Structures are given as C-alpha cells and as structure tokens.
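Me: Can you walk me through this structure? I'd like to start with the ligand.
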Amino acid sequence: MGWRDAARRLVLADVPPQRVVWNLEDVPDLFGGDELPEVQGSFPVPRPFVELAGDVVLHSDPERFALLYRILWRVRRTSDLLEDLTDRDISRANLMAKNVRRDIHKMHAFVRFREAGDGRMVAWFEPEHHVIEAGAPFFARRFPNMEWSILSPYVSAHWDGAALSFGPGAGRQAAPDGDALEKIWRCYYSSIFNPARLKVRAMQSEMPRKYWRNLPEADLIAPLIANARKRTDTMVAHGITEPKSNRQREIPKAAPPVSEKRGTLEALREEARGCRMCPLWKPATQTVFGEGPSQAKIMFVGEQPGDREDLAGQPFVGPAGQVFDRALQEIGLDRSRAYITNAVKHFKFTPRGKMRLHQKPNAMEIRLCRPWLEREIYLVQPKLIVALGATAVQGLFGRALPIATNRGRFLDLAEAQVLITVHPSYLLRVPDEGRKAEEYARFVEDLTLARDALNAA
Ligand code: URA
C-alpha cells in the first residue's frame, strides 16, 4: 500500500500521528496492534501540501512518512501551517524537498549513457534519494529515438523508444564502462571549460565529487584546473579581441576535424557513412551526404534529410526538395551544377505508428555534425553558399542568427560568402494560400540574388 492511501485511511479514522509507526515499506503499524482501518471516502488537501509531499516522499530519510503524516494531520487543523516557515516540521520538509529537487537536477546533469553492445545505451547513476522515476521522463523527452536504460541500486528505468518502464535495481557491473561517446563528452567538456571563469568551490558544489567516478570527463578536471592559470595568462597576453562585424565573421574553428585526412569528397562521403558521433545514426536508414560536382560554385545547405531523403540516401528529393527544384528552375539555375547538402546528415524523427515525424536537430547534434559540413566546404570551395533556414545557419556559423533580419544578406565565412534565406519546407507549412504564394515569391527573389551574385563573380 502507498503512503497516500494509508494516510487517507488514518486521517478518516482520526488516528493521531503519535499512534502510528511508519516502516520503510510505507505501511504503517498502529500502536496497540490495531489493523489499519478499512475506511472509504476522501477529504480536501491543500495543493501546496500535495506538491510538498510529492517531493518529500522521494527523500531517503526513513522519517519522511511520519513527518508527512504529522504535517497532514496538522494542516487539517491549521490551514496556513505550510506558510509558517519557522515551524520545525515545515522547515524540515522544505529542506528535504529542496534536496530531492537538487538530486533530480544532478541526475539530469550527470547521467552519461554508454553503448551496451546490444544497441542499447545504458547509464549508471547513484542518486542520494529515490529520484529515478521522477528524473527519467526528462531523458525520454531528450532522447526519444534512442533505446536506453538508467540503472541504479534501487530501481532501473527503461525507454524502448515508445514507453518508459521501471524494474528492479542493478549492480554497477551491469552498466558498461566506456565507449566512443566518451570522446565526445571529454571534447565537449574541455571546450566549454573557461579558465578565466574558474571558481573551484562553485564548480565542486555544482559537480560534487561523488558523481565524478561515473563521468568520462572527470579525469580532465584536475589537469584543466592545474592549467587554468597558464591558459588565463595566455588569454590576457593575447589581449582583447574586437568583435567582428557580420561581414567579417568566420566559421569558428572549435569543431575538431572528423579525421585529419583531407582527401576527396568521395573518401569523405565514405567516411561519413560510418558516422556515430551522435545517437541519430541509429534509427536512421543511412547517412545522407551532400551531392553535386566537387567543383560546384554554389552550395546549398539545408537542415537534415527528411523521411524520403533518408530512404533514398540523397538530399532534397522529398516534398521540400520539389519546392526547391521548382524555384531553381524558375530562376534558371541548374540543380546538377550545384552542391547540395545538409547541416545534419541523419534523419531525426519520432515514430508515430507507421509514420516517422520529423524532429528538429538540437544544438549538440548540429555541432557534432559540423565537421562534415566544414570539410565539404573545404573540398568543394564554393564561391557562394546558400543557407536554407535556421539549422543551416547554425551549422555554418556555429551559432543562431535570426532569419527574418538576415534574410537576403550576404555574410562572410572564411571560405565563401553566405546568403541566408528560409527553408523550403517553411513554404509548405504556410497555411494561407495567398501568403504561401507571397512567401514563395520572396524565396525565389532570394535565390535570384544568389544566382546574380554567382554570375557576377
Ligand atoms: N529538408 C532538408 O533540410 N534537407 C533535405 O535533404 C530534405 C528536407
């Protein structure tokens, strides 16, 4: 029986808190050996109590059930009890709730999935409180396309791509130890570490030592701290970097090359076939790499392959591709002379029955895919790149730029000029037919700018 049902029965039978001993299975024993009363009915409970109890019940303190029952008993007699922060029961419960919420936050921040070998991603996490069930839905929203498990000593959470389930706890040895994803975490962690902002105490309270042993990046912490002074001195010696104007901005060099080999587009395409840099590869049919002449003067960058592109292995062959083709034809730009690619090379989707619903790639996925795009640009050396929509802009510039205000402008990257416009699938989504026609005409105008710039180059 759960705490709620037992507490309801006890309140309705008017059993005072001092007559109840709560054991860890949250089934109470009554002093005097009475059976728990069989009472039907309900009574109103203030919402703030329900919220507080929802957190406190997850705390690992064995006293939590007794404390909550005492507060419930008292709140029925003193309706503003929860507002009395000087009350010992209330301040203790608030502190426990705060610790539980903090533990959930730590779970969200410090769970690290590793390849289990059977295609599942498995993480080991040891929370201080009983937060696995409360913390797991976050990962279902975050990694809907991945099959994963989070193991802990008390309970395990499993996501099969459609539903969350919970099972018994497991030992640490049931979770894998290390895999290629660790490289990504380590690289990510070193790249976000800012030596000039180092506050060791704050960092340790945000990332307490007890979590370190499960974090692939943990052994970077000591050398990064040790090196911080030297790196800060170097930053100071280099002086202030003046912000560049939009026209001067270049592709930031933060993304590591996927490999050091430069080679040919064909070799790069072959290499990208096996990309496992982020979990999107797994449910996708294949890597959809760019296509077009290796010396194309113009490159179009879209978001990511859609359902049709994923099956065909070619970019822009589905509905958005048809709008794109029509616009190219209208301005007399021959698609076969352009290089066409995407910022993200795998299709990201949520399964819905037989359908696969498109999902927008997130910043991490765009960032992890960026080395492929950089190397396509390096090899093709186009004079002009057309960024189709926000993801393309983020992939090219390494950060978001508003489309509405930058549309139709030419911005400079290191290797080429970039013209920003909307993504053709946006045109498919405009509901009003009149507006759709207007938006399409604007898109054609943008492409005309690109064509004219190319002819003038
Ligand atoms: N949308 C894109 O961004 N790219 C494609 O290849 C298809 C649709």
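Me: What is 2.6 Å from an oxygen atom of the ligand?
Reply: An N or O atom in the side chain of H423. Bear in mind that this is a predicted model.

Me: And the ligand nitrogen, which side chain has an N or O atom 2.7 Å from it?
Reply: That is N342. There is also a backbone contact: a polar backbone atom of Q304 lies 3.0 Å from a ligand nitrogen.

Me: How much of the ligand does the protein bury?
Reply: The protein buries 93%. That is out of the 240 Å² the ligand exposes when taken alone.

Me: Which residues surround the ligand?
Reply: G302, E303, Q304, P305, G306 and E309 are in the shell. P315, F316, N342 and H423 complete the list.

Me: How does that shell divide into nonpolar, polar and charged?
Reply: Three residues are nonpolar, five are polar and two are charged.

Me: Which pocket does the ligand take up?
Reply: The ligand's space is the second largest pocket.

Me: New topic. How many aromatic pairs are there?
Reply: The structure has 13. One pair to look at is F113 with F139.

Me: Why is that pair called edge-to-face?
Reply: The ring planes of F113 and F139 stand at 80°, and over 60 degrees counts as edge-to-face. Their centres are 5.8 Å apart.

Me: Where do the two sit in the chain?
Reply: F113 is in the loop between α4 (88–110) and β3 (114–115). F139 belongs to helix α5, residues 132–142. They are 26 residues apart, so the pair links distant parts of the chain.

Key: Residues are numbered from 1 along each chain as its sequence is written. This is a predicted model: local features need pLDDT of at least 70, side-chain atom pairs count only at pLDDT 80 or more; totals for chains, interfaces and linings use all residues. Side-chain values use heavy atoms; hydrogens and water are left out. A residue is near a molecule or strand if one of its heavy atoms lies within 4 Å of it. A polar contact is a pair of N or O atoms within 3.5 Å; within protein, one must be able to donate a hydrogen and the other to accept it, and residues adjacent in sequence count only if both atoms are side-chain atoms. Accessible areas come from the Shrake-Rupley method with a 1.4 Å probe; for residues, only the protein chains shown count as cover. On a 1 Å grid over the protein atoms alone, a cavity is a set of points where a 1.4 Å probe fits but cannot get out, and a pocket is an open set with protein on both sides within 12 Å along at least five of seven lines; lining residues have an atom within 4 Å of a point. A molecule sits in a cavity or pocket if more than half of its atoms lie within 2 Å of its grid points. Ala, Val, Leu, Ile, Met, Phe, Trp, Tyr, Cys and Pro count as nonpolar, Asp, Glu, Lys and Arg as charged, and the others, Gly among them, as polar. Rings of Phe, Tyr and Trp (its six-membered ring) pair if their centres lie within 6.5 Å; planes under 30 degrees apart count as stacked, over 60 as edge-to-face and the rest as tilted. Helices (H or I, at least four residues) and strands (E, at least two) are DSSP runs, numbered from the N terminus.
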